[in-house]
Number of protein chains: 2
Amino acid sequence: MMKYNYGTNELNNWLVAETQFSSKALGKAEATMCLGNGYMGLRSATEEHYPGEVRDLLVAGTFNKFDDNEVTELPNAADVTNFDIKIDGEQFSLDFGVVKEYVRYLNLKHAELVRELNWVSPQGKEIRFRFRRFVSFADKHIIAMKLTVEPQNESVCFALESGINIRMTNSGAQHFSEGDRRIFDKRYIQQCQTTTQSKIDFVINTAHTVRLGGEQIQQDVTMEMARRKVWLCFNIDVERGQCLEIEKITTIHTSRDNDGPADGDFATIRATGLAGLKSAIAVGYDGLFARHRAAWDEQIWAKYHMTLDSDNEYDLLALRFALYHLTIMTPMHDERMGIAAKGMSGEGYKGHSFWDTEIFIFPFYIYSNPAVAKSLLMYRYHGLAGAHKKAAENGYQGAMYPWEMAWPTDGEVTPVWGAVDIVTGLQTKIWSGFIEQHITADIAYAVWSYYCVTGDQAFMDEHGYEMIFDTAKFWSSRLEWNADKQRYHINDVIGADEYKEHVDNNAFTNYMAHFNIELAMRYYETVKAEKSELFAQLDSKLALVETHAGWLDRIDKIYLPQPRPNDAVIPQDDTYLSKKIIDLSKYKNQQKVGSMFYDYNLEQANEIQVSKQADIMMLFYLLENKFAPATKIANYNYYEPKTLHDSSLSLSTHSILANDLGHYDLAYELFERAARIDLGENMHSSDEGIHAASIGGIWQIVVMGFAGIRMNAGKLRICPKLPEKWSKLSFGIYWQQQQLNISIDKQSLMIITATDQPVTLTVRDQEYSFTNELIVAI
Amino acid sequence: MMKYNYGTNELNNWLVAETQFSSKALGKAEATMCLGNGYMGLRSATEEHYPGEVRDLLVAGTFNKFDDNEVTELPNAADVTNFDIKIDGEQFSLDFGVVKEYVRYLNLKHAELVRELNWVSPQGKEIRFRFRRFVSFADKHIIAMKLTVEPQNESVCFALESGINIRMTNSGAQHFSEGDRRIFDKRYIQQCQTTTQSKIDFVINTAHTVRLGGEQIQQDVTMEMARRKVWLCFNIDVERGQCLEIEKITTIHTSRDNDGPADGDFATIRATGLAGLKSAIAVGYDGLFARHRAAWDEQIWAKYHMTLDSDNEYDLLALRFALYHLTIMTPMHDERMGIAAKGMSGEGYKGHSFWDTEIFIFPFYIYSNPAVAKSLLMYRYHGLAGAHKKAAENGYQGAMYPWEMAWPTDGEVTPVWGAVDIVTGLQTKIWSGFIEQHITADIAYAVWSYYCVTGDQAFMDEHGYEMIFDTAKFWSSRLEWNADKQRYHINDVIGADEYKEHVDNNAFTNYMAHFNIELAMRYYETVKAEKSELFAQLDSKLALVETHAGWLDRIDKIYLPQPRPNDAVIPQDDTYLSKKIIDLSKYKNQQKVGSMFYDYNLEQANEIQVSKQADIMMLFYLLENKFAPATKIANYNYYEPKTLHDSSLSLSTHSILANDLGHYDLAYELFERAARIDLGENMHSSDEGIHAASIGGIWQIVVMGFAGIRMNAGKLRICPKLPEKWSKLSFGIYWQQQQLNISIDKQSLMIITATDQPVTLTVRDQEYSFTNELIVAI
């Protein structure tokens, strides 16, 4: 993908583009140029078909499980974007004929996908095509498309087949039973379907408007229905110099919608959908687009108002790309739904939520849009039901959060089988759902961060304390007493570094568990002292007093791996440092992640000092006060060379830490690498969808790293250090429910508050209290 | 498709070919060049992908029902034929680069699909490709493929990805749960899956053999597994002048196989499949191919030994094409399975059996391969269970055969909803499963024909009489007494002509029902008189004596529509002749069937004198003695102009009748048209699969029509009338278990028998009895 400037300067650094089309690497543009609004994600497959395309339309929260051998996933609902076009009987495809003046770009500012080109058919007819589409941010049920066709040299007969196709699957898994379908008035197409297991009803409506030379024309259409497919066929003669415009507006409604009728009655959804379509059609593409743009401007760009002056303009594009994707991936409309690891830009990770949300994306929302941060925590609060289920299944108490979470009450949904084992030829077992347990502490950490940054006491009273206590209750039951060492261990886990399975005392896990219990104990005292009614309520729910006794007994006996006296290296787990050291250069800078597994199976990798991603580094980032700077440096220098960054979660943490530790050039280099995970040259890295955590990481590198914003022990700290190439960075954050507008340049830090509330913060170890405005030379 | 001669004369008129490839009309070659062996059908999609391709692999009898809204169907099992090829990193596709010396042909004699071409890559590397494949007729579980690659101008790096892909669906309906998969020895790939509802286990095994310059080479492969997909990646440098050969052998086994372990245990099937693959791999493509060819030669071509001298060589090709497809579509290995309306060449009609089998295909088997004819009747005998179920559901007695039949015990499996209604925009209801009832009599007719032609008394004693009695029992309960007219009517049916729904007293249905009861009454007397034990047995099973009383009472009161006194036209039903007559020329010779429904809905068509297919004509063909020649002519002249031939079942009947009635040129013209239904120029007519009944019809036109072979009142009658362009036709038939070799030329008919058994027959109203040889001047 490339930066692209087009037309006025107004759109400089707003366009992610390609100026050449290749039908051999479709996934990149499909995912990185994905459209969405949190309600749904529409992968940007082209209107015409190519082999290998992935045409996903995913609706948040509509999970379905294909069968008992599989895990629940977001089902691929329908293809409504296909235009099957023939010019004088010849199939329109960029694989045939000649393509001129080609550009396809995602306009991040307007959240619109545009494709323009001249196509010379094999017969020699030249036609200008302009394809536009967006997924409305103003009315979340709407997908709008517009096509203009202008014959350049000769008149043409333009034929179009377009409708609704529900033959779609998730890599072969069909999640829907076909329901009723109908064509009203030879124009409005309606297709119903219901997920096979979760029984969620979907209603998809679509209609076309055709204009020739600016005039809406009577459509001479034929209607077609085949299995799981309904469509219309248009045949229109277009003269040279004439402009044909075709608009297609589609609406999606489901029985899971929280803005629909309470009973979710199918007939009502059908009527609502059809009525919605008819009023949208009356407004038309341009009118709907104006509303959509306004919504993006007001709710996103004006709210986050982030600007950056960099010698490398790509940096600003990357940042806007991040804000764009963070917006479209987040189901901010419904607190029963979480953020998926690939957003809704592909089928990878099945729409499940991981620790990616709390550790990589959540900071963006706490500081930029606290209401959404709260909604994301509410998703986890609703998920307590599933967490209890998982704890009980594993013989523990309290809330043991699933490694992968789908619908809140589902519990653990991590699939059990993965890629091929090169030694046995069998499928590798995925252990994360069983033993990657730090997620529970990660969620507690997020609750704590949210509370510290927002001061949202109501949330804590109603939900937050309960989550902290319930998760600490799990950890308490999880600890294993080692009589020899007279300590509590956490054995047989996967830590943050997923290349080490079945390890004992993973440093990250042990510290985070300790943090979680410690936090619960602190809050226990507060709630007990200050909120007796709430305390009684939570005690009856969680046996809090009894549970607290356990914490008290255990907290100081939890084993926390310490730096080795000789070199200050903290053992990542009990055996890591005793494992074989090999030359990893072959795998360290590969194009494709996981290349090591063409040479080793997981069992063999387990015996080598090799890491997939940040583990101890993550600890340093999250619990920064627990470790001395020298320890951080020593461990960075020890572990980074052994880390393959095979997870997109690795680079951002390393960049922030590199900045903290004074490796400024490296920090910037890692930022650039992180930005290129999706935007970069590797044409297949985004095939399964964009990397949501990495995109959150881009924002974190900028704001937590270069701007140096950090919540430290409940206080706001700013420690800016812009990269060499950057002259100015400004953005807004929320602190204790007040908006702070922050500008940083080479000389100074300026903060302007939106209200008269006083603000206290630290800038480079110096505490400041101010109202309205603060300027600090740096 | 075209006739193609290649190499030696030996293969003249054996090759169905295309010499130009178009990725825009894939279905034609996929279906008409389909491979199979009755156990499975493998649609001939190309090795590389194109949009719109349909890659079906169907295994007979493995029906599965996606959900309660759908009907059971043959599931698309897997794609094992895809070769994803890159030449120096460039995707191999005929849509790119330059294609030279292209030919793709189905060799009917060897049942092998071959594709040869030179491909000049966009970079300018020229490579000769030769793709071959067959579905073994010697070992029905085997699919074998062979690819040769020869760089023509420069050395190339050849990359191949190939394995097993079970992401396949039937137009979006996924029928399988994914099972275990494994790669043994980095070579043998095994993928298991199980149908979701019928719980049939499938095991697919595949392996590759690579030879470079004739020497088998060690494969440096990487192994990949993704969801529902397992494959290997090969990278091989091939020098100019070198020949790279890749063989891929695949085996399919299922728990429905009747040659597998009795308990159908999954582990045993896996072991059997893998062992089968290993021994096949040891034999190799060429060895397996030799066995396969020998099987076709011995079991098919030598057995049917049909020859034809025609001025139009295409006629012979069409005839061989028919014999080829009749062979691969028929599950002759298992009497629990029937012939599907599209064979196993596509998903159309879901693998279901219709009256197409008994009326259009069955004559071929009675005369050419009676053992298979018996197997097909046994399928219907097993189907009595389903027929009883359907009768009971509809409030009738006896055996009411399903209009569409899948697994014998399933009963009725006709889908309920079809294409769009152009007036209401709703889906049209398909009534055939409810009221197209003549199928029951058609099956009785087939039993009778089989018995008359073969004299297989054992079959009649064990199964045939019971089928005749049980079906007649149904009809007896089905008749409706009309007190006004003092006759039995059959109201509210669809006759053979499906454009008339809910009609009363369809002539075809009434006559066939009458035939069925009359036949039962005749056999009742025989069995009662000659086989008292059997009679007692059937009486206790079917309440025969009581049922017989009903027949006796009803048989002479069944209303049989008679020719009108003024013009000898027999009313097709009670109201047909009173309906509107319109100009049908717009629809009469259209490319696409059903074009009338773009202007009228079915309800409206019901009010017009228009027919989809032969109805009264079919009656004349099946019950030829019941009608006077003048009546036949009058009705032909009245109904044919009103018949759109929108069913592929229409032309063959009309051709045979035209020949009978002396319209010889028309008969030949209709033969040519029938042959072109699949082989002709309409590039989309076979998209959903070949037309099995029409292909059976091709054979019938030749043997029943032009050669004039007919069983008439239990006797063999020959009344040859070759088309003008034909100088000689010869073929074998079986009559009363003796093979007769028949040669017809312009002057004479010659019959040579295989044994010394005397034969009695009629040639043009003259009776002959002879042994060994008969020559009659004509």
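This is a short tour of a predicted model, with stops at the interface between chain B and chain A, then at one residue in each chain.

**Stop 1: where the chains meet**

Colour chain A and chain B differently, then pick out the residues of each that touch the other. You should end up with 45 residues from chain B and 45 residues from chain A. How much area is buried between chain B and chain A? About 3,800 Å², with carbon and sulfur atoms giving 53% of that.

Now turn on the side chains. Six salt bridges run between chain B and chain A. To look at one, select Glu73(A) and Arg227(B): they form a salt bridge, and their closest N and O atoms are 2.5 Å apart. If you go on to polar contacts, there are 17 residue pairs to find across this interface, counting pairs with both residues at pLDDT 80 or more.

Next, hide chain A for a moment and look at the side of chain B that touches chain A. Three strands of chain B each supply at least two residues to that side: β13 (176–184), β17 (221–226) and β22 (417–420). Which of them gives the most? That's β13(B), with six residues. Colour this side of chain B by residue type and you get 14 nonpolar, 15 polar and 16 charged residues.

**Stop 2: Asp497 in chain A**

Bring chain A back and select Asp497(A). You'll find it in the loop between β25 (487–489) and α10 (507–530) of chain A. Is Asp497(A) buried or exposed? Asp497(A) is buried, yet it has no salt bridge. The nearest side chain of opposite charge belongs to Lys500(A), 5.0 Å away. A salt bridge needs the nitrogen and oxygen within 4 Å, so that pair misses out.

Show what surrounds Asp497(A), skipping its neighbours within four places in sequence. Its contacts include Gln572(A), Tyr576(A) and a run from Val610(A) through Ser611(A), Lys612(A), Gln613(A) and Ala614(A) to Asp615(A).

**Stop 3: His438 in chain B**

Finally, jump to His438(B), in the loop between α7 (432–435) and α8 (439–454) of chain B. His438(B) counts as buried because its relative accessible area is 0%.

Zoom in on its side chain. It makes a polar contact with the side chain of Glu436(B) at 3.3 Å, and another with the side chain of Asp442(B) at 2.7 Å.

Then widen the selection, again leaving out neighbours within four places in sequence. Among the residues in contact with His438(B) are Trp355(B), Trp403(B), Trp475(B) and Phe508(B). Phe508(B) is 70 residues from His438(B) along the chain, while their C-alpha atoms are separated by 7.8 Å.

Key
Residues are numbered from 1 along each chain as its sequence is written. Chains are lettered from A and ligands numbered from 1 in the order in which they are written. Side-chain values use heavy atoms; hydrogens and water are left out. Contact means heavy atoms within 4.5 Å. Buried area is the accessible area (1.4 Å probe) that two parts lose on being put together, summed over both. A polar contact is a pair of N or O atoms within 3.5 Å; within protein, one must be able to donate a hydrogen and the other to accept it, and residues adjacent in sequence count only if both atoms are side-chain atoms. Helices (H or I, at least four residues) and strands (E, at least two) are DSSP runs, numbered from the N terminus. Ala, Val, Leu, Ile, Met, Phe, Trp, Tyr, Cys and Pro count as nonpolar, Asp, Glu, Lys and Arg as charged, and the others, Gly among them, as polar. Buried means under 20% relative accessible area, exposed over 50%, partly exposed in between (1.4 Å probe, protein chains only). Lys and Arg count as positive and Asp and Glu as negative; His and the chain ends are not counted.
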